[in-house]
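Colleague: I should like to learn how to read the sheets of a model and the helices that pack on them. May we go through the structure together?

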Amino acid sequence: MKYKVLLTGNNKTIINEFFTYTDSEFECITTSERYDDIMSHLTYIQPDAFVYCLFQERLDDLKRFANMERHISEHDIPLVIVGDAEECSKFAKMAPQMHPLVLQKPISAQAIARAIISMLKEKKGYDEPDDKEGMSAKETSSVEGAALEVKPKKHILIVDDDSRVLRMLKTYLAGRYEVATAINGNVALKFLETKDTDLVLLDYEMPTENGAAVLGKIRANRKTKNLPVVFLTGVTKENKIKEVVSLNIQGYLIKPVDMEKLLSTIKGILG
């Protein structure tokens, strides 16, 4: 069974390569950047992924697309952005509320396909680091945004109830670290029962069992009691911040997460 992928944007080269080189994995459908066209395709085709192929997009088109964030979220369809570094940065500034999988050029259609399939295969549980077998070093570097390292990478477990945040952070960190994700605290604790990690990025505000409760169980376990934990939190009130800081953690980051600060915090802990 093929995945259905909806494609739009000005980069006709990438779109054509999808049809030419990914026929065995995807059923490709194109749409214009018109609001009505996109909404009709999302509603009636119900694609597995929506890919925006950027190339000299007009600001008005980007603004219109950014305004569709709520509707795209309602359909629960993962968004993928493909473009060069400048185009991806422009999109991020124009649509900060969206958390797409970002794939920067130069990158082949086959490498894009592998990254999308990896994303779609993620279950609502912990996700092991992607299997890179069969990929060339150049393709791996394109997808991860970094060259292969000689020494083993440190491992990070990200715990958050928002799958978009998981995808965004994993995509950003995957080139530098081995990354696994967990959609809630229970899944994270089960992961830690049988697997090792070097650092946990833990959402402070989760339903059912919040970050503080999960942290308590991590500290109560002899195996994980000294495991570094950094909270991800949307809390900004001073008294709440003090409450977070008072817990036995190695740091906290305010959402939406500043990626440079995230990387700096991780390096400060893991070296």
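Modeller: Let us begin with a term: two strands count as paired if DSSP finds at least two bridges between them. Please keep in mind that this is a predicted model.

Colleague: In what order do the strands of the open sheet that contains S1 stand, and how are they paired?

Modeller: Strands of a sheet pair through backbone hydrogen bonds, either parallel or antiparallel. Here, 5 strands follow the order S2-S1-S3-S4-S5, and the pairing is parallel. Strand S2 (26-30) and strand S5 (101-104) form the edges, each pairing on one side only. On average, neighbouring strands of this sheet are turned by 25° against each other, direction ignored.

Colleague: Which helix packs on this sheet, touching strand S1 (3-8)?

Modeller: Helix H1 (residues 12-21) does so, and also touches S2 and strand S3 (49-53). The direction of H1 makes about 145° with that of S2.

Colleague: How many bridges join strand S4 to S5?

Modeller: There are 4 bridges between S4 (residues 79-83) and S5, and the two strands run parallel. Val-80 is opposite Leu-101 in S5, and Ile-81 has Val-102 of S5 as its bridge partner.

Colleague: Which side chains along S5 are buried?

Modeller: In a regular strand the side chains alternate between the two faces of the sheet. In S5, Leu-101 and Leu-103 point to one face and are buried, whereas Val-102 and Gln-104 point to the other and are not.

Colleague: What is the strand order in the open sheet that contains S6?

Modeller: That open sheet has 5 strands in the order S7-S6-S8-S9-S10, with parallel pairing. Strand S7 (178-182) and strand S10 (251-254) each have a single partner strand, so one side of each is left without a neighbour in the sheet. The twist averages 20° from one strand to the next. Strand S9 (residues 229-233) is joined to S10 by 4 bridges; Thr-233 has Ile-254 in S10 as its bridge partner.

Colleague: Which strands does H10 touch?

Modeller: H10 packs on the sheet against strand S8 (199-203) and S9, and its direction makes about 175° with that of S9. Arg-219 lies in this helix, which spans residues 211-220.

Colleague: Is Arg-219 buried or exposed, and what does its side chain reach?

Modeller: Arg-219 is buried and has no salt bridge; Asp-198, the nearest side chain of opposite charge, is 13 Å away. The side chain of Arg-219 instead reaches two backbone oxygens, that of Lys-225 at 3.1 Å and that of Leu-227 at 2.7 Å. Residues touched by Arg-219 include Val-229, Asn-248 and Ile-249.

Terms used
Residues are numbered from 1 along each chain as its sequence is written. This is a predicted model: local features need pLDDT of at least 70, side-chain atom pairs count only at pLDDT 80 or more; totals for chains, interfaces and linings use all residues. Side-chain values use heavy atoms; hydrogens and water are left out. Axes are lines fitted to C-alpha atoms, for helices over the stretch in contact, and angles run from 0 to 180 degrees between N-to-C directions. Contact means heavy atoms within 4.5 Å. Buried means under 20% relative accessible area, exposed over 50%, partly exposed in between (1.4 Å probe, protein chains only). Lys and Arg count as positive and Asp and Glu as negative; His and the chain ends are not counted. A salt bridge is a side-chain nitrogen of Lys or Arg within 4 Å of a carboxyl oxygen of Asp or Glu. A polar contact is a pair of N or O atoms within 3.5 Å; within protein, one must be able to donate a hydrogen and the other to accept it, and residues adjacent in sequence count only if both atoms are side-chain atoms. Lists of a residue's contacts leave out its neighbours within four places in sequence.
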